[in-house]
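Visitor: Before we start, show me what we are looking at. I will ask how you justify each word you use.

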Amino acid sequence: MARTNNTFTIGWLYPDLMNIYGDRGNILTLLKRAEWRGYDARLVELDRGNVKEMDEVDVFFFGGGQDREQALVYQDLLEYKQPPLERAVAQGAGVLAVCGGYQLLGHYYQTAGGQRFPGIGMIDVRTEAGKKRFIGDVVVDTDVPTLFPPTLVGFENHSGRTFLGPKAKPLGRVRLGFGNNGSDKTEGCLQGTVIGTYLHGSLLPKNPHLADYLIRNALIRRGVDELSPLDDSVEMAAHEQILLRAHHR
Ligand code: GLN
């Protein structure tokens, strides 16, 4: 179905393979928050070999996955998904990539065993796994303009250590947790309309302001720069709970 001014399309990359620690909740949040603003919100599932309707997508979501699942998708990403994804992003579509998906949008992901999966280099990051897994709650302070409150909360579980190159800037700094690599205190990355992060949980239900940031940015090309406010009291209570828990650690 062609994009109209009233449709809002989410493209879910590899829902069958790259979908762990509640990542599905991000899809539901984006669909619902677009719907509550009167859009005809719809989902396009992009499994291996399928690139149908990728140029209709407003926001892509790429979830996490263990090394085994990443090994199953990285070639399809390079061969089939990269060209239409780059086209869509060049036309203003947004991308939210979590953990294993975040890693494969970079230059490469190297497992603890030394196996290297080339990424599509859409974001200027590289990842090499270490022996120790980074697991636990995460609190991030962010200085992304228009993102308020300037905090993000979630859960991480990864062996990868991600390092940012000059073209990518951090999504924020960890107040609690390991973040990108457990050493430089950065978490995630922001490059153009692409956001990468290690925050599972799922991320968006407890960070509705980030969901709106993605939706609003994808609608700029339609001349929309404001979204009607929603009652986020429940979502923000969950957000505050994690901040409080972090504070008492
Ligand atoms: N396999 C990757 C790692 O261990 C990503 C894990 C994930 O998506 N949670 O770092």
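Guide: One term first: a residue is buried under 20% relative accessible area, exposed over 50% and partly exposed in between, using a 1.4 Å probe and protein chains only. This is a predicted model, in which local features need pLDDT of at least 70 and side-chain atom pairs pLDDT 80 or more, while totals for chains, interfaces and linings use all residues. Residues are numbered from 1 along each chain as its sequence is written, and side-chain values use heavy atoms, with hydrogens and water left out.

Visitor: Are Arg33 and Asp232 buried or exposed?

Guide: Both Arg33 and Asp232 are buried.

Visitor: How do you know that Arg33 is buried?

Guide: Its relative accessible area is 2%. The cut-off is under 20%, so Arg33 counts as buried.

Visitor: What makes the contact of Arg33 with Asp232 a salt bridge?

Guide: A salt bridge needs a side-chain nitrogen of Lys or Arg within 4 Å of a carboxyl oxygen of Asp or Glu. Here the closest N and O atoms are 2.9 Å apart. That lies within 4 Å, so the name applies. The two residues are 199 apart along the chain: Arg33 sits in helix α1, Asp232 in the loop between α4 and α5 (233-247). Helices here are DSSP runs of H or I with at least four residues, strands are runs of E with at least two, and both are numbered from the N terminus.

Visitor: Which other partner does Arg33 have at 2.8 Å?

Guide: Asp212 forms a salt bridge with Arg33 at that N to O separation. This pair also links distant parts of the chain, from helix α1 to helix α4 (residues 208-219), 179 residues apart. Asp212 has 10% relative accessibility, so it too is buried.

Visitor: Which residues are linked in a network of salt bridges?

Guide: Arg33, Arg37, Asp212 and Asp232. The whole structure has 14 salt bridges. Side chains of opposite charge can pair when their charged atoms come close.

Visitor: What makes Lys81 and Asp76 a salt bridge?

Guide: Their side chains meet at 2.7 Å, N to O, within the 4 Å limit. Lys81 has 0% relative accessibility and Asp76 has 7%. Both values are under 20%, so both residues count as buried.

Visitor: Why is strand β1 called mostly covered?

Guide: β1 spans residues 7-13, and seven of its seven residues are buried. Thr7, Thr9, Gly11 and Leu13 point one way, while Phe8, Ile10 and Trp12 point the other. In a regular strand the side chains alternate between the two faces of the sheet.

Visitor: How do you know that β1 and strand β2 pair?

Guide: Pairing requires that DSSP finds at least two bridges between the strands. β1 and β2 (residues 40-46) have seven, in the parallel sense. Leu13 stands opposite Leu46 in β2. Between the two strands the chain passes through helix α1 (residues 24-35), and this β-α-β crossover is right-handed. The term means that, with the strands pointing away from the viewer, the path from the first strand over the helix to the second runs clockwise.

Visitor: How many bridges join β1 to strand β3?

Guide: Four, and β1 runs parallel to β3 (residues 59-62). In β3 the partner of Leu13 is Phe62.

Visitor: In which sense do β7 and β9 pair?

Guide: Antiparallel, over three bridges. One bridge partner pair is Asp141 with Arg173 in β9. β7 is also joined to β8 by 13 antiparallel bridges, with Val139 opposite Val153 in β8.

Visitor: What makes the approach of Gln70 to the ligand a polar contact?

Guide: A polar contact is a pair of N or O atoms within 3.5 Å. An N or O atom in the Gln70 side chain is 2.8 Å from a ligand nitrogen, so the pair meets that limit. Gly65 supplies a backbone N or O atom 2.9 Å from a ligand oxygen. A polar side-chain atom of Arg133 lies 3.5 Å from a ligand oxygen.

Visitor: How much of the ligand does the protein bury?

Guide: Taken alone the ligand exposes 300 Å², and 100% of that is buried by the protein.

Definitions and conventions. Polar contact = N/O pair within 3.5 Å; in protein donor to acceptor, adjacent residues only side chain to side chain. Areas by Shrake-Rupley, 256 points an atom, 1.4 Å probe, with all protein chains shown as cover.
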